[in-house]
Amino acid sequence: MMKTLFIEPGLFAIRTQVLDTEMHQHALMQLTLPDQHSTLNVANYPPIHGAMTLLNANLPHQLTMQQGWVILIEPSSQLGTQASKVLADNDIMTWPLETHDDSDELSNLLARANLSYTANTAMHHSHLDPRIATLLNQLNQCFNHDCLKPEHWLAKDIAQSLKLSESRFLHLFKENMQLPWRPYLLWRRLICAIQSLSRGDSATQAAHIAGFADSAHLSRTFKRQFGITMRKALESIQNASPPNSINTK
């Protein structure tokens, strides 16, 4: 049965149907793999029609796609490092659509953009400062359904746990992760909420688990980050494949 959702450290991939986002931007690199018709509008660039694309982080963009995969990659991950090399100082890389099998293996999907992937690739933190690697290992407990609770997400508390001043922690984190702590934390909270929803929790429960005030706050944040409402995203995933095909690691 085809999978439609992958959530792993450093990576979020969804297979969607009839996707039409608003213009938005996020601190993640984005790989788009349409099955057929698609249009990607990127600020200050001409429209890109019917092509596989790799976007650098923080580029305002709008995507219309009949069906296909959207894969978000943390810039500091090993996949992000590979993606940066593929971009080679460019903001956008495109490839023509080619005939391919319907494999839902993540390694095959990423290989279309010349990215090499094996299970738990993003878990390797040897290139990071050991203190930041320790923090990521704590945050990654969320992938085992044991999320770090919202009251432990304050920068001053994280810094104290790592035996750093708050200013030093914030500098070190940005230096290692290529984005500041607050936007990174927001991304991880959204992932936590998506995982909760994929397990069958209500939007209210997911919002509480991920530290949002309520489901409306979660929905507004999701739309601002991804250009589509959370409900539309979930409907798109569900419409793309048979039931019980949403999987997380």
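Buried, in what follows, means under 20% relative accessible area, and exposed means over 50%. This is a predicted model, so please keep that in mind throughout.

I'll start with helix α8, residues 215-226. Five of its residues, Leu218, Thr221, Phe222, Gln225 and Phe226, are buried. Those residues span an arc of only 105° around the axis, so they sit on the same side of α8. In general, an α-helix has 3.6 residues a turn, so residues three or four places apart point the same way. On the face turned away from the buried side, α8 carries Arg220 and Arg224, which are exposed.

Now the length and the ends. α8 has 12 residues and reaches 16 Å from first C-alpha to last, close to the 16 Å expected at 1.5 Å a residue. At the N-terminal end, Asp214 acts as the cap, with a side-chain oxygen 3.2 Å from the backbone nitrogen of Ala216. After α8 comes Gly227, and its phi is positive, near 75°.

Next, the nonpolar cores. Which residues touch the most other members of the largest one? They are Phe12, Phe169, Trp181 and Tyr184, in a core of 57 residues. Helix α6, residues 181-198, is the biggest contributor to this core, giving 11 residues. Take Phe169 as one case. Leaving out residues up to four places away in sequence, Phe169 touches Ile132, Leu135, Ala155, Ile158, Ala159, Leu162, Leu164 and Trp181. Apart from this core lies another, of 22 residues, and its members include Leu33, Met52, Ala83 and Leu106. As a general point, nonpolar side chains in soluble globular proteins tend to be buried together.

Two single residues to finish. The first is Ile209, which belongs to helix α7, residues 203-209. Is Ile209 buried or partly exposed? Its relative accessibility is 28%, so Ile209 counts as partly exposed; the buried class ends at 20%. Ile209 and Ala193 are 16 residues apart in sequence, and their C-alpha atoms are 6.9 Å apart in space.

The second is Met23, in the loop between β2 (11-20) and β3 (29-34). What does Met23 contact, once its neighbours within four places in sequence are set aside? The partners are Asn41, Pro60, His61 and Gln62. Between the C-alpha atoms of Met23 and Ala43 the separation is 8.8 Å, with their positions 20 residues apart along the chain.

That is what I have on α8, the cores and these two residues.

Conventions. Residues are numbered from 1 along each chain as its sequence is written. This is a predicted model: local features need pLDDT of at least 70, side-chain atom pairs count only at pLDDT 80 or more; totals for chains, interfaces and linings use all residues. Side-chain values use heavy atoms; hydrogens and water are left out. A nonpolar core is a set of buried Ala, Val, Leu, Ile, Met, Phe, Trp, Tyr and Cys residues joined through side-chain atoms within 4.5 Å. Buried means under 20% relative accessible area, exposed over 50%, partly exposed in between (1.4 Å probe, protein chains only). Helices (H or I, at least four residues) and strands (E, at least two) are DSSP runs, numbered from the N terminus. Contact means heavy atoms within 4.5 Å. The expected span of a helix is 1.5 Å times one less than its number of residues. The arc is that of the directions from the helix axis to the C-beta atoms. A polar contact is a pair of N or O atoms within 3.5 Å; within protein, one must be able to donate a hydrogen and the other to accept it, and residues adjacent in sequence count only if both atoms are side-chain atoms.
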